[in-house]
Amino acid sequence: MSNAATTASNATRSAAIDGRGGFRSQEHETPLTQLRVEGSVPEWLRGSLLRTGPAKWEIGDQHMRHWFDGLAMLHSFSIEDGSVSYVSRFLGSRAYRAAKERGEIAYSEFATDPCRSLFSRVASLFSPKISDNANVNLMRLGERFVAMTETPLPVEFDSETLETVGVAYEAPGILTTAHPHLDRATGGALNYAAKLGPRNSYRFFLVRPDSSKPEVIASLPVRRPAYMHSFGLTERWLVLVEFPYVVNPPSLALSGRPYIENYRWKPELGTRFTLVDRATGEATGPFQTDPFFAFHHVNSYEDGDGVVVDICVYPDAELVEDLYMERLRAGKPIPNAELRRFRVSPGSGEIEHERLIDAIELPRINYGRCSERPYRYVWGNATGESGWIEQIVKADLDERTRSPWSEPGSFPGEPVFAAAPDANDEDDGVLLSVVFEAHREASYLLVLDARSLDELARAAVPTHIPYGFHGQFARS
Ligand SMILES: [Fe+2]
């Protein structure tokens, strides 16, 4: 083969594996569309994979700076009798409506701050313009469906039409997580919010299924709040893990910098584990261990007299920098997380840890069966040769092994586990993942056997779905 032919062949190959097209803005909503299914979707799988995610980073001649900033779009894959339909719609948040009306970015996002005068910045101390751009995750809360980001304004939407209903409730703080836990006793959602002011505190709260009034169940004073994207839950404890990525609260209002750029990596603080009794609200700890950073807790449970806390861990918070759009669109690789198990002894305050599995992120478990309990399997994503996410991974924590699914030119998102009815085994079910297919510049829904990672079916979407974070399967 001539050099020219070799070069052409390499160019074709690199084009085939280049998944950067998944970071293009999606300007258009897709009306309800029946998708062609290749393979066979299990008959028992009935319901909707609902997802939210950033979709639009360019507004007028401005642009959002970070992956986490894009205006939220809702996606629904409805599955019934082996057939699959798809619909998408922008979340009608006030951030979206204002951007559309004015043709410019109107609200501050994670790493994007519309140009504001000092006067308006100081004014916003007293009535902050909080974004409700709920592009990170969603949950079912009783009969309601709620999209969330890390601001205190989750947004309810209609799960069939994807129409926006409005703010579902207001979290009791200024910063919260998009990873609430199910409170099995009430069917409500447990979460935490950081209240900032003259005195800062972390406040854990419960929202009951039919309520719009969060109930604060524990409050912990804190001097320099940490950035936390999720937390752990056992039958007895709320598990707060504070990474040394912290903010001096006044700087949030006065620095003139976007929200996350006020946080500083302070490894000398170490990482602090605090256990909060769910029944009494009393805190045990904090217990300090080595510095590390994470977005995602995987699962937690009590084991003898210790508390097991599994987390996807990075050595520091550099990953936050890696997820700016300029870097992602330039194809800069991102690191993989390590799944690390911490064992906390509430009596002595000792924390031991061990590496369970290399390279897994966007972790999902058989949540209904295993949350708060010992478990064996985690499904997630890992990067490939391109440095971007190319694999779906199944981790067996008993055997300490991992097995991958991948296909050249396919870039999968978070694999959502849906259990088979009357399943005996923890991994009896399917995985649902939205995959960006580079050569088509469009996405497909992939259905894998969760046990073997064998492909059961795929359903091609006529357009691309920008890379997102989280979704849930809602049974019908
Ligand atoms: Fe997340």
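1. Helices (H or I, at least four residues) and strands (E, at least two) are DSSP runs, numbered from the N terminus. With those names in hand, Glu 372 can be placed in the loop between helix H7 (367-370) and S28. The model under discussion is a predicted one, and the points below should be read with that in mind.

2. Glu 372 deserves a look at its backbone, since its phi is near 75°, a positive value in a residue other than glycine. Most residues other than glycine have a negative phi. Is Glu 372 buried or exposed? Glu 372 counts as buried because its relative accessibility, 6%, falls under the 20% limit for that word.

3. Leu 453 can be read alongside that residue, for it too has a positive phi, here of about 65°, although it is not a glycine. Leu 453 is found in the loop that runs between strand S34 (442-449) and strand S35 (455-460). With a relative accessible area of 6%, Leu 453 is likewise buried.

4. A further point of backbone geometry concerns the peptide bond that joins Gly 285 and Pro 286, which is cis, with omega at about 5°. Most peptide bonds are trans. Pro 286 itself belongs to strand S22, which covers residues 283-289.

5. The metal site comes next. Which protein residues serve as donors of the iron ion? They are His 179, His 229, His 296 and His 470, and each contributes its NE2 atom, lying 2.1 Å from the iron ion. Along the chain these donors follow the spacing H-x49-H-x66-H-x173-H. His 179 and His 296 form a pair that links distant parts of the chain, 117 residues apart: His 179 sits in the loop between strand S12 (175-176) and strand S13 (181-183), whereas His 296 sits in strand S23 (residues 293-303). Both His 179 and His 296 are buried.

6. As for the geometry of that site, the angles among the four donor atoms run from 92 to 156°, and the site of the iron ion is irregular. Why does the site not count as tetrahedral? A tetrahedral site would need all angles between 85 and 135 degrees, and the upper end of the range, 156°, lies outside those limits, so the tetrahedral label does not apply. A reader should also bear in mind that water is not among the atoms, so sites may look incomplete.

7. Empty space inside the protein is the next topic. The structure holds four cavities of 30 Å³ or more, and the largest cavity contains about 260 Å³ of space. Its lining is made by 23 residues, and those nearest the centre of the largest cavity are Trp 67, Phe 295, Leu 323, Glu 361 and Leu 362. Two or more lining residues are given by each of S23, strand S27 (361-364) and strand S28 (377-383). S28 supplies the largest share of this lining, namely three residues.

8. Trp 57 lies in the loop between strand S3 (47-56) and strand S4 (58-59), and with a relative accessible area of 0% it is buried. A polar atom of the Trp 57 side chain lies 3.2 Å from the backbone oxygen of His 66, and the same side chain reaches the backbone oxygen of Trp 67 at 3.5 Å. Not counting residues up to four places away in sequence, Trp 57 touches a range of residues, among them Phe 23, Arg 24, Met 325, Arg 329 and Pro 466.

9. Asp 277 is placed in strand S21 (residues 271-277), and at 11% relative accessibility it counts as buried. Its side chain reaches the backbone nitrogen of Ala 279 at 2.8 Å, while the backbone nitrogen of Thr 280 lies 3.3 Å from a polar atom of the Asp 277 side chain. Leaving out residues up to four places away in sequence, Asp 277 touches Arg 236, Trp 237 and Glu 282.

10. Arg 458, the last residue taken up here, is in strand S35 and counts as buried at 12% relative accessibility. What does the side chain of Arg 458 meet at 2.8 Å? The partner is the side chain of Glu 455, in a polar contact, and there is also a polar contact between the side chains of Arg 458 and Tyr 444, at 3.5 Å. Apart from neighbours within four places in sequence, Arg 458 is in contact with residues including Arg 36, Val 37, Glu 38, Trp 405 and Glu 407.

Notes:
Residues are numbered from 1 along each chain as its sequence is written. This is a predicted model: local features need pLDDT of at least 70, side-chain atom pairs count only at pLDDT 80 or more; totals for chains, interfaces and linings use all residues. Side-chain values use heavy atoms; hydrogens and water are left out. Donors are N, O and S atoms within 2.8 Å of the metal (3.2 Å for Na, K and Ca); water is not among the atoms, so sites may look incomplete. Four donors count as tetrahedral if all angles lie between 85 and 135 degrees; four count as square planar and six as octahedral if opposite donors are over 155 degrees apart and all others between 65 and 115; anything else is irregular. Buried means under 20% relative accessible area, exposed over 50%, partly exposed in between (1.4 Å probe, protein chains only). A polar contact is a pair of N or O atoms within 3.5 Å; within protein, one must be able to donate a hydrogen and the other to accept it, and residues adjacent in sequence count only if both atoms are side-chain atoms. Contact means heavy atoms within 4.5 Å. On a 1 Å grid over the protein atoms alone, a cavity is a set of points where a 1.4 Å probe fits but cannot get out, and a pocket is an open set with protein on both sides within 12 Å along at least five of seven lines; lining residues have an atom within 4 Å of a point. Grid points are joined across faces, edges and corners, and a volume is the space filled by probe spheres set on the points.
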